[in-house]
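Got the viewer open? Let's take a walk through this one, stop by stop.

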Amino acid sequence: MGHQKIVLAGALLLLVALAGFSRSIFTDVALSENNEISSGEFDIGISKDGERFYNDLKLFDFSDLKPGDERAVTFYVKNRGDLEVSRITMTLYINDLEDGALPPAEKEVDNTTDRGELSGYLVITGLSVQHGDITTDLAEVVGKTLKELDGKEIELFKGSLGEGEVLKVVMRVRFSPEAGNECQTDRVDVDMKINAEQ
């Protein structure tokens with residue numbers, strides 16, 4: 001039995017030795033460092049002339065209008081970011097004001113001396129949006145007054161406005177010939193919010 005123990009111990013030593021030598025001496029490492037994930041820029045700007053674009057810009061100032069006068073507001077919206085814009089809306093916020101003391105002709109008919117009536121007589125006669133060679137007329141707002149559109153979202157564009165692309169928007173407004181003396185020396189402050197969605 002001593003002999004068997006010696007043979008068994010020798011076999012175990014041989015197995016341990018072989019196991020130790022069976023490890024490969026080749027090694028290799030692969031690294032992936034400084035990986036990044038970043039978001040793109042989503043940015044629109046507005047312009048009067050299509051040249052320089054801003055986040056905040058006064059687009060129009062019409063004064064001394066008389067009933068029957070019509071004016072056009074032209075402005076541009078540019079995708080200044082590197083992400084596609086799929087929808088652009090415009091919301092008008094209207095504030096009617098009396099601009100100073102009431103003249104005698106207005107005083108006789110105006111029973112709201114702290115608030116003007118002008119926005120109820122400023123009628124949209126046209127609103128169009130041009131994207132490339134395609135012009136879309138937004139007939140759903142034609143015939144509505146600024147007062148009726150106050151706080152309402154108007155969809156200007158739905159589609160794909162790529163990086164650097166520009167929309168041209170033309171809005172025509174007419175001072176209704178049916179306006180009376182209650183509108184004399186009135187003023188309307190119009191804030192326009194242009195909203196873009198990805």
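Start with two strands: select β3 and β6, which run antiparallel and are joined by six bridges. To see one of those pairings, pick isoleucine 88, whose bridge partner in β6 is phenylalanine 157. Keep in mind as you click around that this is a predicted model.

Now add β8 to the selection. You have an open sheet of three strands in the order β6-β3-β8, with antiparallel pairing. Its edge strands are β6 (153–161) and β8, each of which pairs on one side only. Neighbouring strands here are turned by 20° against each other on average, direction ignored.

**Zoom out**

Show the whole chain as a cartoon. Its secondary structure comes to three helices and eight strands. Following the chain from the N terminus, you'll pass the elements as α-β-β-β-α-β-β-α-β-β-β. Try colouring by accessibility, too: 31% of the 198 residues count as buried.

**The five-stranded sheet**

Next, select β1, β2, β7, β4 and β5. These five strands form an open sheet in the order β1-β2-β7-β4-β5, and the pairing is antiparallel. Which strands stand at the edges? They are β1 (44–47) and β5 (134–137); each has a single partner strand, so one side of each is left without a neighbour in the sheet. From one strand to the next, the twist averages 20°.

Stay at the β1 edge for a moment. β1 and β2 (residues 70–79) pair in the antiparallel sense over four bridges. Click isoleucine 46 and look across: its bridge partner in β2 is valine 77. Then move to lysine 78, also found in strand β2. Lysine 78 counts as partly exposed, at 26% relative accessibility. Draw a distance from its C-alpha atom to that of serine 47 and you should get 8.2 Å, although the two residues are 31 apart along the chain.

Carry on into the loop between β1 and β2 and select aspartate 64, which has its place there. What is unusual to look for is the backbone: phi is near 55° for aspartate 64, a positive value in a residue other than glycine. Is aspartate 64 buried or exposed? It is exposed, with a relative accessible area of 75%.

**Salt bridges**

Time to switch on side chains. Side chains of opposite charge can pair when their charged atoms come close. In this model the count comes to eight salt bridges. Here are three to visit.

First stop: aspartate 43 and arginine 80, whose side chains meet at 3.1 Å, N to O. This pair links distant parts of the chain, 37 residues apart: aspartate 43 is in the loop between α1 (2–21) and β1, and arginine 80 is in the loop between β2 and β3 (85–98). Arginine 80 counts as partly exposed, at 29% relative accessibility.

Next, select arginine 87 and glutamate 197, a salt bridge at 3.0 Å, N to O. How many residues apart are they? The answer is 110, with arginine 87 in strand β3 and glutamate 197 in strand β8 (residues 186–197). Arginine 87 counts as buried at 18% relative accessibility, while glutamate 197 is partly exposed at 31%.

Then slide along to arginine 187 and aspartate 189, where the side chains meet in a salt bridge of 3.2 Å, N to O. Both partners are partly exposed: aspartate 189 is at 31% relative accessibility and arginine 187 at 33%. Before leaving this topic, select Arg87, Glu153, Glu155 and Glu197 together, since salt bridges that share partners join these four into one network.

**The largest pocket**

Last stop: turn on a surface and find the largest pocket, with a volume of about 980 Å³. To land at its middle, select Phe60, Asp61, Val188, Asp189 and Val190, which lie nearest the centre among the 41 lining residues. β1, β2, β7 (166–175) and β8 are the elements that give two or more residues to the lining. Which element gives the most? That is β8, with nine residues. Colour the lining by class to finish: it has 21 nonpolar, seven polar and 13 charged residues.

Key
Residues are numbered from 1 along each chain as its sequence is written. This is a predicted model: local features need pLDDT of at least 70, side-chain atom pairs count only at pLDDT 80 or more; totals for chains, interfaces and linings use all residues. Side-chain values use heavy atoms; hydrogens and water are left out. Two strands pair if DSSP finds at least two bridges between them. Axes are lines fitted to C-alpha atoms, for helices over the stretch in contact, and angles run from 0 to 180 degrees between N-to-C directions. Buried means under 20% relative accessible area, exposed over 50%, partly exposed in between (1.4 Å probe, protein chains only). On a 1 Å grid over the protein atoms alone, a cavity is a set of points where a 1.4 Å probe fits but cannot get out, and a pocket is an open set with protein on both sides within 12 Å along at least five of seven lines; lining residues have an atom within 4 Å of a point. Grid points are joined across faces, edges and corners, and a volume is the space filled by probe spheres set on the points. Ala, Val, Leu, Ile, Met, Phe, Trp, Tyr, Cys and Pro count as nonpolar, Asp, Glu, Lys and Arg as charged, and the others, Gly among them, as polar.
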